[in-house]
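Here's a quick briefing to read with the model open in your viewer. Keep the sequence handy too, and work through the topics in whatever order suits you.

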Amino acid sequence: MFNSKLMVGLCVAVAFGMVACEKKLDTDQKRASYAIGQQLGKNFKDNNVDFDADVLVMALKDVKENKPGKMTQEEMGKAMQKLQEMAQAKQGEVAETNKKKGEEYLAKNKSATNVKTTESGLQYVVEKEGEGKSPSDTDEVKVHYTGTLTDGTKFDSSVDRGQPAEFPVNGVIKGWTEALKLMKEGSKYKLTIPAELAYGPMGRPGIPPNSVLLFDVELLEVKKAQASAAPAPTAKPSKKKN
């Protein structure tokens with residue numbers, strides 16, 4: 001998982017000469033190095049990897065300056081294995097915490113005004129009922145949507161991109177598939193999707209494990225399935241709402 005991305009990222013960072021003491025991003029090399037550092041940091045964060053930035057930079061400089069390594073290959077292998085074990089343990093802790101928080105949120109939200117709950121646990125509010133047709137599993141849909149976590153963190157939005165998304169009804173998370181089949185063209189729903197109908201304990205970049213997901217969805221059009229379709233909604237972290 002993160003190991004291959006990490007190693008590739010480190011190699012690239014060395015090639016560009018990533019140096020910790022540089023503060024002014026006044027050259028192409030420095031800007032590229034900073035961008036690589038941001039990507040590495042995000043990769044670490046998304047995979048629950050705790051690291052020492054100073055030691056990381058020391059290792060990069062040792063390689064760049066052709067200095068002998070301070071650990072053997074065997075020692076580094078063991079360290080990487082331990083790192084992965086620690087990351088997995090941390091992810092498990094986060095998943096368990098989020099599961100409890102999610103259950104509490106769903107229990108409270110269930111009694112909120114106009115909230116309907118399906119047998120699967122999907123919660124939704126009809127903001128506007130459309131008059132067009134409803135999609136089936138084999139249809140494709142065109143939608144506008146915005147997705148957030150329960151703390152207000154926006155992770156994806158076709159509205160912000162200014163481009164509706166198109167995808168197969170059965171090509172998205174279970175909560176989406178179920179909700180879309182309840183909607184008609186022109187409908188606007190607010191969805192509260194339990195983790196088990198979303199990404200579950202694995203999560204994904206921008207979405208922590210066992211996260212309850214909130215979506216504002218507008219079903220613009222129901223289309224017959226095509227040979228290929230645009231990617232379904234993906235997680236793109238954004239800023240938290242104030």
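Let's start with Arg161: with a relative accessibility of 39%, Arg161 counts as partly exposed. Its salt-bridge partner is Asp156, with N and O 2.6 Å apart, and Asp156 is buried at 3% relative accessibility. Bear in mind that this is a predicted model.

**Salt bridges**

- The Arg161 and Asp156 pair belongs to a longer list, as the count comes to 13 salt bridges.
- Glu74 and Lys78 also form a salt bridge, and their closest N and O atoms are 3.5 Å apart.
- Why are Glu74 and Lys78 separated by about one helical turn? Because they sit four residues apart in helix H4.
- Both ends of that bridge face outward in terms of area: Glu74 is exposed at 55% relative accessible area, and Lys78 is exposed at 56%.
- Glu127 and Lys190 meet through their side chains in another salt bridge, at 3.9 Å from N to O.
- Glu127 belongs to strand E2 (residues 123-128) and Lys190 to strand E6, so this pair ties together parts that are 63 residues apart in sequence.
- Lys190 has a relative accessibility of 35%, so Lys190 counts as partly exposed.
- Which residues are linked in a network of salt bridges? They are Lys142, Glu166, Glu221 and Lys223.

**Aromatic pairs**

- Here the count comes to six aromatic pairs.
- Take Tyr124 and Tyr189: their ring centres are 5.4 Å apart and their planes are at 5°, so the pair is stacked.
- Tyr124 is in strand E2 and Tyr189 in strand E6, so the two rings tie together parts that are 65 residues apart in sequence.
- Are these two tyrosines buried or exposed? Tyr124 is buried with a relative accessible area of 13%, and Tyr189 is buried with 3%.
- Trp176 and Phe215 make an edge-to-face pair, with 5.2 Å from centre to centre and 80° between the planes.
- That pair links distant parts of the chain, since Trp176 sits in helix H6 (residues 174-182) and Phe215 in strand E7, 39 residues apart.
- Trp176 counts as buried at 2% relative accessibility, and Phe215 is buried too, with a relative accessible area of 5%.
- Zoom out a little and you'll find Trp176 and Phe215 in a cluster linked by ring pairs, together with Tyr145, Phe155 and Phe167.

**Helix H4**

- Helix H4 covers residues 73-109, which is 37 residues.
- From its first C-alpha to its last, H4 reaches 52 Å, close to the 54 Å expected at 1.5 Å a residue.
- The buried residues in H4 are Leu83, Gln84, Ala87, Gln91, Ala95, Asn98, Gly102, Leu106 and Asn109.
- Ala95 deserves a click: its place is in helix H4, and at 8% relative accessibility Ala95 counts as buried.
- What does Ala95 touch, leaving out residues up to four places away in sequence? The contacts are Pro201, Pro209 and Asn210.
- Ala95 and Pro208 are 113 residues apart in sequence, yet their C-alpha atoms are 7.5 Å apart in space.

**Positive phi outside glycine**

- As background for this topic, most residues other than glycine have a negative phi.
- Asn210, one of the residues touched by Ala95, has a positive phi of about 55° although it is not a glycine.
- Asn210 lies in the loop between strand E6 (188-193) and strand E7 (213-224).
- With a relative accessible area of 14%, Asn210 is buried.
- Asn114 also has a positive phi without being a glycine, and its value is near 70°.
- Where is Asn114 found? Asn114 is in the loop between H4 and strand E1 (116-117).
- Asn114 is exposed, with a relative accessible area of 59%, whereas Asn210 is buried.

Key. Residues numbered from 1 in each chain as written. Heavy atoms only, no water. Helix = DSSP H or I, 4+ residues; strand = E, 2+ residues; numbered from the N terminus. Expected span 1.5 Å × (residues − 1). Buried < 20%, exposed > 50% of the residue type's maximum accessible area, 1.4 Å probe, protein only. Contact = heavy atoms within 4.5 Å. Salt bridge = Lys/Arg side-chain N within 4 Å of Asp/Glu carboxyl O. Phe/Tyr/Trp six-rings, centres within 6.5 Å; stacked < 30°, edge-to-face > 60°.
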